[in-house]
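Me: I would like a close look at a single part of this structure, one helix and its surroundings, set out as one connected account. Please begin with how far the model can be relied on, and then work outwards from that part.

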Amino acid sequence: MRVRTRFAPSPTGFMHIGNLRTALYAYLYAKHNNGDFILRIEDTDRERFVEGAVEVIYSTLQKSGIPHDEGPDKDGGVGPYIQSERKNLYKQYAEELVRRGGAYYCFCDKDRLNGLADENGIRKYDKHCLHLSQEEVQAKLAAGVPYVIRQNIPTEGMTEYEDMVYGTIRVPCADMEDEILLKSDGMPTYNFANVVDDHLMNISHVIRGNEYLSSTPKYNLMYDAFGWERPRYMHLPPIMKDATRKLSKRYGDANFEDFIAKGYLPEAIVNYIALLGWAPKTNDEKMSLQTLIDSFDVDGISKSSSIFDDVKMRWLNAQYLKELPEEEFLRMATPWLEQSQAKGYDYALLAHLLQGRVEILSEIPEKVAFLNQFADFDKELYFHKKLKCDAALAKEILPIAVDVFQTTEPFDNQTLFDAFGAVCEEKGIKKGQLLYCLRAAVTGVPSTPGGATEIAVLLGREEALRRLLFSIEHLSTEA
RNA sequence: GGCUCCAUGGUCAAGCGGUUAAGACUCAGGCCUCUCACGCCUGCUACUCGGGUUCGAAUCCCGAUGGAGUCACCA
């Protein structure tokens with residue numbers, strides 16, 4: 001049997017990281033088995049419809065590198081792939097299920113239903129309408145009494161199935177309610193539409209969040225009543241924000257677009273979430289999509305929830321950034337440099353210096369802020385324990401640099417560095433001390449994306465000199 | 001509350017009856033070094049608890065505890 005998995009998101013306007021992981025696993029499983037990955041849009045709830053939301057889904061899948069084989073925009077012969085365009089289909093299937101005894105008409109109104117609630121406010125339908133006679137049903141139907149169609153679940157016995165990750169799940173039938181399949185407006189409920197669609201689209205493996213773990217037996221009963229073959233199920237543990245809260249739009253902005261906006265690479269995001277809830281047989285962590293496809297297996301999927309750790313995702317992102325070709329990093333860094341204090345400076349040089357020092361692109365502006373901000377600073381900055389530097393030493397040796405700045409030609413990194421080396425040797429000064437003090441004098445901040453000479457080149461001779469003189473001036477006025 | 005599921009360091013995790021209980025992130029220390037990073041090295045920290053079964057249990061069973069999910073004319 002051909003493996004066919006599907007991703008069935010609701011068009012809510014953003015792609016949640018947890019949803020994306022579900023899509024990813026469905027994709028990986030399908031591709032690992034040379035199967036198909038189908039996209040179906042679940043938009044039966046019109047009240048939640050968001051303009052442009054379907055486009056967000058397309059673009060996220062595309063950027064993530066997990067393209068669907070079939071979907072609203074790619075007909076595979078079992079469409080339509082948008083649930084709202086399938087609505088006339090469900091009623092006939094619901095009616096067929098009634099004929100087969102797997103469902104029945106229910107005419108109970110809200111008041112009667114509410115009266116069924118127990119002391120905890122939880123109610124379970126009492127199968128009242130199941131006992132209506134054929135004639136009574138026909139009469140009410142003919143009279144136009146509003147109705148729903150409910151699933152007819154056995155009152156006793158157990159129902160069970162084999163989940164590919166959780167193993168045997170068995171639920172007492174008595175604990176399951178006769179759920180509504182077709183609403184009074186003629187629209188299907190999510191549960192029903194899912195079963196019908198998955199069957200009609202020949203979905204072989206249903207991969208989804210484990211919130212459906214305990215309701216899946218109901219779906220299976222439906223498949224059985226229809227005489228359809230049950231699909232295989234793979235339920236996934238949730239991704240958490242912390243020990244007790246699920247990652248959601250409410251807690252933490254964990255959606256794909258936000259991460260992209262913060263300067264994460266799509267490959268890094270995909271790589272990280274692949275590892276959240278699944279582990280390869282090897283110890284690999286940085287894995288390409290192809291490697292992911294090759295090594296993906298159900299065995300590695302964990303049953304317990306995992307907490308989303310942005311610290312680790314940043315680290316992974318840094319790994320990707322570091323391996324980028326320099327010109328590619330420059331291309332990606334440019335928009336961030338544009339909106340930073342670095343306007344007008346040598347972007348290529350900056351990118352070169354920044355590539356190994358940045359975990360996510362959005363750190364760039366803060367790292368280059370010193371380029372356009374320079375003022376008097378705390379003399380403590382000259383203090384460095386291991387180098388044995390302090391303001392007094394700086395005051396003593398900094399003047400040496402003025403001459404170097406003025407005379408070195410050309411004013412590039414290597415030449416400058418060599419020049420300082422020569423001067424230091426001549427004067428018996430430790431190069432590290434001079435360059436440390438110089439970097440501080442010329443930037444005024446504790447950390448910069450480069451050493452003294454690199455920063456000096458960046459600033460240019462004139463500006464570097466201006467800043468150096470300024471700092472020397474302030475050192476003498478202080479003492 | 002009923003039902004279902006889960007439980008290894010701070011986090012992600014390997015482990016499938018016999019291991020010094022992997023590895024990664026974080027953190028600490030060191031090396032390298034023109035600052036900070038990067039890189040390299042070292043180190044800290046874990047089997048929720050209690051009973052079984054077994055020569056032997058993180059691994060199997062039972063219970064407790066903790067946590068999650070679910071119990072809509074939402075998806």
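Reply: What follows starts with the confidence scores, turns to helix α9, and then moves outwards to the cores, the RNA surface and a few backbone details.

The model is a predicted one, and for chain A the average pLDDT is 94, with 97% of the residues scoring at least 70. For the complex as a whole, the predictor reports an ipTM of 0.96 together with a pTM of 0.95.

Helix α9 runs over residues 266-274, and because 7 of its 9 residues are buried, this helix is largely enclosed by the rest of the structure. The buried residues are A268, I269, V270, N271, Y272, I273 and A274, where buried requires 20 or more other C-beta atoms within 10 Å of the residue's own. As for what encloses the helix, these buried residues pack against α1 (17-32), α2 (53-64), α8 (256-261), α10 (289-295) and α11 (310-323).

One residue of α9, I273, leads directly to the wider interior, for in the largest nonpolar core, which has 52 residues, I273 is named with L24 and A26 as touching the most other members. Helix α9 is among the elements that give two or more residues to this core, the others being α1, β2 (36-39), α2, β8 (205-209), β9 (232-236), α8 and α11. The greatest contribution comes from α1, which gives 10 residues. A26 can be followed further: once its neighbours within four places in sequence are left aside, A26 is in contact with T5, R6, F7, F37 and I207. Apart from the largest core lies another, of 43 residues, which includes L393, L438, A452 and A456.

From α11, one of the partners of α9, the account can pass to RNA strand B, since α11 is also one of the elements that supply at least two residues each to the surface near that strand. The others are β6 (167-172), α6 (190-200), β11 (306-307), α16 (413-427), α17 (431-443) and α18 (452-459). Among these elements α17 gives the most, with 5 residues. Altogether 65 residues surround RNA strand B, and the closest of them are K183, Y190, T244, S304 and G451. Sorted by class, this surface comprises 23 nonpolar, 24 polar and 18 charged residues.

Some backbone details elsewhere in the chain also deserve inspection. A cis peptide bond, with omega about 0°, joins G79 and P80, and P80 sits in the loop between α2 and α3 (87-99); α2 is also one of the helices against which the buried residues of α9 pack. A cis peptide bond also joins E409 and P410, here with omega about -5°, and P410 belongs to the loop between α15 (391-407) and α16.

Two residues other than glycine have positive phi values: N202, for which phi is near 55°, and K388, for which phi is near 60°. N202 is placed in the loop between α6 and β8, and it counts as partly exposed because it has 17 C-beta neighbours inside 10 Å. K388 lies in the loop between α14 (364-368) and α15, and with 12 C-beta neighbours inside 10 Å it counts as exposed, since a residue with 12 or fewer is classed that way.

Technical notes. Residues numbered from 1 in each chain as written. Chains lettered and ligands numbered in written order. Predicted model: local features only at pLDDT ≥ 70, side-chain atom pairs only at ≥ 80, totals over all residues. Helix = DSSP H or I, 4+ residues; strand = E, 2+ residues; numbered from the N terminus. Contact = placed C-beta atoms within 7 Å. Near = placed C-beta within 6 Å. Nonpolar A, V, L, I, M, F, W, Y, C, P; charged D, E, K, R; others polar. pLDDT = per-residue confidence, 0-100. Core = buried A, V, L, I, M, F, W, Y, C linked by C-beta atoms within 7 Å.
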